[in-house]
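Welcome to this guided tour. Please open your viewer, and we will go from one selection to the next together.

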Amino acid sequence: MHFMTRLLLCSTPLIFSIALAKDLALANTPASKLDNPQASKLDGTKGSTSKDSASKSDIDTASDVVGGIAILVNREPITLYQITSLEKSMKIDRKDAIKLLIDNKLKEEEVRRLKIVVSDDDVDSQINALAKQNHMSLDQFYTEVEKQGFTLSSYRKKLKEQMLDNSLFGKILYSSNNIGQDDELRDYYNKHQEEFNIPKALDVIKYVANNRATLEKFLKSKDTKTLPKGIAKDSEKIELKDLPPQVADILIATKEGEFSPVLESDTSTFVSFFITKKEDIEHIDFQKAKNYIVQKLIATKQDQILSEYFQKVKARSNIEILRN
């Protein structure tokens with residue numbers, strides 16, 4: 001059984017906050033099974049002629065002014081039409097739509113300032129990697145893309161946007177002075193030794209259902225002796241090398257005698273693994289583990305780091321409210 005990873009999820013070593021990416025990039029992607037929102041706020045400006053977090057009354061609501069400029073962010077315009085369209089498409093109020101549009105302008109400016117570029121060849125390589133990661137041919141992958149409501153061109157556009165976001169966020173996170181001190185890395189390594197015992201294979205009991213809620217209810221009951229209708233189980237041995245990296249990471253993190261989170265397979269069924277035994281365990285030494293530890297620390301601090309970074313960007317920006 002293979003597992004669908006999120007088609008718009010770029011293969012980066014970082015687990016970026018989807019909520020923050022949404023906040024900064026106008027909700028680039030549809031909801032997904034891998035999302036884990038933890039919203040971050042970007043507040044305050046410096047040198048603005050008016051408050052950027054405008055209330056509904058701050059902007060002229062005249063629907064006939066389609067292209068009228070409502071806000072300037074460092075001389076880059078945001079129109080009334082953009083605000084109204086975002087309100088309707090995301091079903092949010094005007095204040096939130098304005099905030100998202102301002103944040104997106106700031107993000108785009110940082111991409112340009114840091115000279116971050118994603119070429120068409122980069123997008124092609126990412127699509128090939130995602131198809132391979134999902135054990136699909138390109139034709140199968142494109143079929144799945146269409147099932148998720150995209151045309152190929154719209155999918156490529158969204159994927160390119162996310163790749164730019166991930167490159168920007170990665171540059172910000174890896175340049176942070178709050179991550180990567182050797183003493184901090186060593187302290188994490190010493191306190192989390194179990195994370196560096198990596199099995200090559202797992203003995204598991206696989207529980208499968210067509211309905212996520214049914215399976216989650218069963219797992220919460222902790223009564224595995226009585227198998228309810230709609231759930232099947234089977235014992236098997238899994239070689240971690242045969243799994244997509246995200247799924248392997250999840251199973252490695254699941255302790256013996258515990259259930260994994262519910263995952264969705266490529267056949268649209270839902271599965272959870274009860275880990276009975278981890279086999280052929282290899283202990284990873286500190287030097288080999290350092291990059292992994294940096295990524296883990298970034299993942300735990302990323303919302304704070306990104307929020308603080310963009311607060312500074314916002315503070316040095318000139319945001320003008322033109323229509324009151």
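Two strands pair if DSSP finds at least two bridges between them. Helices (H or I, at least four residues) and strands (E, at least two) are DSSP runs, numbered from the N terminus. This is a predicted model, in which local features need pLDDT of at least 70, side-chain atom pairs count only at pLDDT 80 or more, and totals for chains, interfaces and linings use all residues. Residues are numbered from 1 along each chain as its sequence is written, and side-chain values use heavy atoms, with hydrogens and water left out.

**Stop 1: the whole chain**

Start with everything displayed. The chain has ten helices and nine strands. Of its 324 residues, 41% are buried; buried means under 20% relative accessible area, exposed over 50%, and partly exposed in between (1.4 Å probe, protein chains only). A contact means heavy atoms within 4.5 Å. Among contacts with a separation of 6 or more, 75% are between residues 24 or more positions apart.

**Stop 2: colour by confidence**

Now colour by pLDDT, the predictor's confidence in each residue, from 0 to 100. The chain averages 78, and 77% of the residues score at least 70. Select residues 1-66: here the pLDDT is below 50, and the stretch has 188 contacts in the model beyond near neighbours in sequence. Where pLDDT is low, the predicted coordinates should not be read in detail.

**Stop 3: the three-strand sheet**

Next, select S1, S2 and S9. They form an open sheet in the order S2-S1-S9, with antiparallel pairing. S2 and strand S9 (319-321) are the edge strands, each pairing on one side only. From one strand to the next, the twist averages 25°. Axes here are lines fitted to C-alpha atoms, for helices over the stretch in contact, and angles run from 0 to 180 degrees between N-to-C directions.

How many bridges join S1 to S2? There are four, and the two strands run antiparallel. To see a bridge pair, pick Ile71, whose partner in S2 is Ile78. Then add helix H2 (residues 80-90), which packs on the sheet and touches S1 and S2; its direction makes about 55° with that of S2.

Stay here and click on Asn74, in the loop between strand S1 (69-73) and strand S2 (76-79). Asn74 has a positive phi of about 50° although it is not a glycine. Is Asn74 buried or partly exposed? Its relative accessibility is 23%, so Asn74 counts as partly exposed.

For another positive phi, move to Lys115, in the loop between helix H3 (94-113) and helix H4 (120-133). Lys115 is not a glycine either, and its phi is about 55°. Lys115 is exposed, with a relative accessible area of 72%.

**Stop 4: the four-strand sheet**

Select S4, S5, S6 and S7. This open sheet has the order S5-S4-S7-S6, with antiparallel pairing. Strand S5 (231-239) and S6 stand at the edges with a single partner strand each, so one side of each has no neighbour in the sheet. Strand S4 (residues 201-209) and strand S7 (residues 270-279) pair over nine bridges, in the antiparallel sense. Look for Leu202, whose bridge partner in S7 is Lys278.

Add helix H8 (residues 212-221), which packs on the sheet, touching S4, S5 and S7, with its direction at about 40° to that of S7. Helix H9 (residues 245-253) lies across S4, S5, S6 and S7, running at about 60° to S7.

In helix H8, find Thr214, which is partly exposed, with a relative accessible area of 30%. Leaving aside neighbours within four places in sequence, Thr214 is in contact with Lys229 and Ile231.

At the S6 edge, click on Leu263, in strand S6 (residues 263-264). Leu263 counts as buried, at 10% relative accessibility. The C-alpha atoms of Leu263 and Arg212 are separated by 8.8 Å, with their positions 51 residues apart along the chain.

**Stop 5: the nonpolar cores**

A nonpolar core is a set of buried Ala, Val, Leu, Ile, Met, Phe, Trp, Tyr and Cys residues joined through side-chain atoms within 4.5 Å. The largest has 49 residues, and Ile71, Ile83, Ile102, Phe141, Tyr155 and Ile293 touch the most other members. Helix H10 (residues 286-315) gives the most to this core, with ten residues. Finish at a second, separate core of 13 residues, which includes Val204, Leu240, Val247 and Val271.
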